[in-house]
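Biologist: I would like to go through this model with you and ask where its labels come from. Could you show it to me?

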Amino acid sequence: MTTTTAPPAPTPAPTRERAQSLKRSLLILVAIAAVAACAPFVLPESRQSIAIRVLIFAMMAIGWNLMSGYGGMFSFGHAAYFGIGAYTDTYLLVTFGWSPWLALVVGAALAALVAAGIGYVAFRYKLRSAYFALGTFAIAEMLRLLATNTKWVNGTTGYHVPLLPESSWTMLQFGANAAEYFYIGLAMVVVCMVVTLLYLRSRSGIYTVAIRDNEDAADALGISVMRVRLTTMALSAAITAAAGMFYAQYYTFVDPDTAFGSAQSVQAIAPAVIGGVATPWGPLVGALILGPLADLTVTWLRTPPAFLDFLTGRSGLDVVLYAILLIVIALVLPKGIVGSIQEWWKRR
Amino acid sequence: MSTSNPSGNVLEVRGVSKSFNGVHALADVDLDVPEGSIVGIIGPNGAGKTTFFNVVAGALRPDSGHVRLFGKDVTGLPPHRIAHAGMARTFQLMRPFGSMTARENVVAAALTRGGSHKDARLAADEVIDATGMAAWADATSDSLHTAALKRLELARVLAIRPRILLLDEVLAGLVPAERAPVVDLLARLREAEGLTLVFVEHIMQAVMKLSDTVVVFDRGRVIASGEPTEVVADPRVVEAYLGQELTGA
Amino acid sequence: MTARTTSEEAVPSEGGTISRGGTSRRAALGRSPVTVTFALLIGLTVAALLRSGSTAITGQALLTGLIAGGVYSLLAMGLSLIFGVLDIVNFAHGAFLGVGLFVTYEVAHQTGLNPYIALPVAIVGLFVLGALIQLLLLNRTIGGSLERQLLITLGLSLLISNVLLLAFGGDPLSANLTSDPGVHVFGAVANLSRVIAFGAALVLAVLLYVLLERTSFGRAIRAVAASRQGAGLVGIDVRLVYVVTFGLGTACAGAAGMLIAPFTTITPTAGDQFNILAFVVVVMGGLGNVTGALVSGLIVGLVEQLGGVAIAGQSPLLGVFILFLLILLIRPQGIFGAKAP
């Protein structure tokens, strides 16, 4: 096909550009990981939990961002997948002595399956927007109630990971505050990021964004909307389940509230929203901001300034701060920190 | 596929009806579209043209009747299955993938043909050149104006290489100077690739120039069809338009 | 995939009410939703009878459920009103109820008087709080996406419950009555405080209904709910209506919080479980349908208690969630149809 109407324009080489943008993203990721890898040398050992919290937030938010940011399917119930990851891990470990790595595979697959099931029903019945969000919230809450009242997953007690006398890579267990936890968590975040970046450039990933932007047009062009959505949901759930498994291994304990509580759903949403919904680095930035809040405020409230004396030893300030951050971001920076920077950079 | 298709018609619509809340948007509509032909659909606003497209392309399920594509019954199949069967449609109100650039829109469409990403990018480049989009192909489609979006809408469906194309007012909103290249492109696609076209259009000049057959819709029914010049002279058609200027632009 | 609403002539309204295509499947199940609902309630009653084998237990569940439902009705009417007029899915509604609990606790403890004197304080206080939030925060996001509003109210919910945690600590508090005798109704027993909560909630609900239906301000609210632009054109101050509406909605939550305070363990997160309950009621009654919420509150109260007996060993809330998912899937417009109040 040729034409006489096309004005002469510098034709960019899209093929090379695209490959470069992937390469650039991966390079940025390597740089971030390299800097992050220094954390154990800088952070005092007693502060390691902060870094771990950042990593867990990051994983959860990466998962949520894939489905709700890029996919536009607003999940209010990622605690369901987080909890499935955590419970599968501890259940298989406590009951059958399985390695957490094996349990990770099973947990991620199970979460993916559950997500696909939820998605199938929800989209078949055309559940959208706020209805979809409320539906996912209800499902996570149902799982919490079921776990609370079901004996074969120990009801309200939940599980303690049996402590081993020595460190073990196979059983993902090390001494308290061992740097291994951090490096394993970091490696998992990097893997989740690479998977996400590759997925977004795959056929299915491109379709995911197309469907979010305009479902009818995508359908009319031959994109199987249901299949693509379920794939994205499944991947998102699997990533979040990985976060759940790592959480259970690090804290060596899960119960229905820590696994399926609505707080976990919020912790998947908040970093992504604050960092920037549907931006690759948003979840990481958001996690980096929210992760340290809890420890910082606890320290600060141990000896607060005189006029805030009455708050000594109280808790809740961290969530107050991040709630304010969430509200402010939603009000004035709907694209989040990374999204707003990107926009500013483009308009410069 | 034409072997399994003795009638030679790419598209056969038989007795299709559709009503919304008791209002007949389509009533017993028949249509035959021979391979390689260009069919223009005209009619006053609310005559059911877009509903007809929605039923044929699978976006709406008809209350009764059948749609056969290349001899196969596709009634009630979802739009993406119909697209894979070789029929594509554009939307009257443009529906870009807003967060993507125009080029990425076209690439996304080209990917549905199943080839590699590289194939899709090459195919997209080709369509972008052919539709004259190259100058602004890397702009985010959210930022494009109507005329550009109309072209993007067309480019996107061309990228999936359909054998039959349903175009819903792709010329509306373009100034006359912008229409000619699009009309030329469509005529050329028919010549070069045997593309079958069904298009809804208000711009009579284009309808008269392109169409082999003109079909007139009024209140959900086909009230006339035939050669463009015959149809325009048909008194029923004139009445349907109630004195509206038919031959002008 | 069945019916779709892609006809260009009837483009679904974006950002406003959620347009959805009715499917034939849905229509079949939803033909007589009120009958289906009553059949469900009777079925649950029978299940509860069979499971417990005791008319006393089942009767008690019926009474407890109905009485609890009165408060759900009041709470959900506020939530539904906010959705109907403002298109905001207010995720902070449960947190506002929590504020009502603490207001009651404070008033009762500071004055040493009966907790019920806190009712006007809770209503006025929560009205002012809600009105201020709408004025300062939410009026800036009118017409924003539902998700954005959801995020803001989620932030508010976290903010409120954690400010309460900071201020009062996490230990459970109470605002009990000095005496709370049992009241006998048809062989079942309910505490006086619960009976008062039920009665007062219904009275307030009816007052709200009268305010909406019989006063000129109520007409203005309904006009805004029907059409923001239209109301603006006829000279209604839309922003003022928004502020008052949100205030009324939160006042409902505050009143509900006060009324349940005498028999509720008061903690900063006590309001959370009422959040989802209120949403169940609102969706069941039809998003934005205030009268629907009134009736559905009672139904949800019954389902919760009967379900608790019928699915023994599981949380009573489980039955409510199952009901919620069924309604979302089969009849998202609710049993009485979603509409403006």
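Biologist: Which residue of E7(B) is the bridge partner of Ala88(B)?

Modeller: In E7(B), Leu165(B) is the bridge partner of Ala88(B). Before we go on: this is a predicted model, where local features need pLDDT of at least 70, side-chain atom pairs count only at pLDDT 80 or more, and totals for chains, interfaces and linings use all residues. Residues are numbered from 1 along each chain as its sequence is written, while chains are lettered from A and ligands numbered from 1 in the order in which they are written.

Biologist: What makes E6(B) and E7(B) a pair?

Modeller: Two strands pair if DSSP finds at least two bridges between them. E6(B) and E7(B), residues 164-168, have three bridges in the parallel sense, so by that definition they pair. Strands themselves are DSSP runs of E with at least two residues, and helices are runs of H or I with at least four, numbered from the N terminus.

Biologist: Why do E6(B) and E10(B) stand at the edges?

Modeller: The open sheet of chain B has six strands in the order E6-E7-E8-E3-E9-E10, with mixed pairing. E6 (87-89) and E10 (221-226) of chain B each have a single partner strand, so one side of each is left without a neighbour in the sheet. Neighbouring strands here are turned by 15 degrees against each other on average, direction ignored.

Biologist: Lovely. Now chain C: why is H4(C) called oblique to H5(C)?

Modeller: H4 (residues 93-111) and H5 (residues 118-136) of chain C pack at about 135 degrees, with axes 9 Å apart. Angles under 35 degrees count as roughly parallel, over 145 as roughly antiparallel, 65 to 115 as roughly perpendicular and the rest as oblique. The angle of about 135 degrees therefore makes H4(C) oblique to H5(C). Angles run from 0 to 180 degrees between N-to-C directions, and axes are lines fitted to C-alpha atoms, for helices over the stretch in contact.

Biologist: How do you know which residues make that contact?

Modeller: Two residues are in contact if their C-beta atoms, placed from the backbone, lie within 7 Å. Among those in the contact are Phe96(C) and Val99(C) of H4(C), and Val121(C) and Leu129(C) of H5(C).

Biologist: And between chains, how many residues does the contact of chain A and chain C take?

Modeller: The contact takes 36 residues from chain A and 37 residues from chain C. On the side of chain A that touches chain C, the largest share, 13 residues, comes from H6(A).
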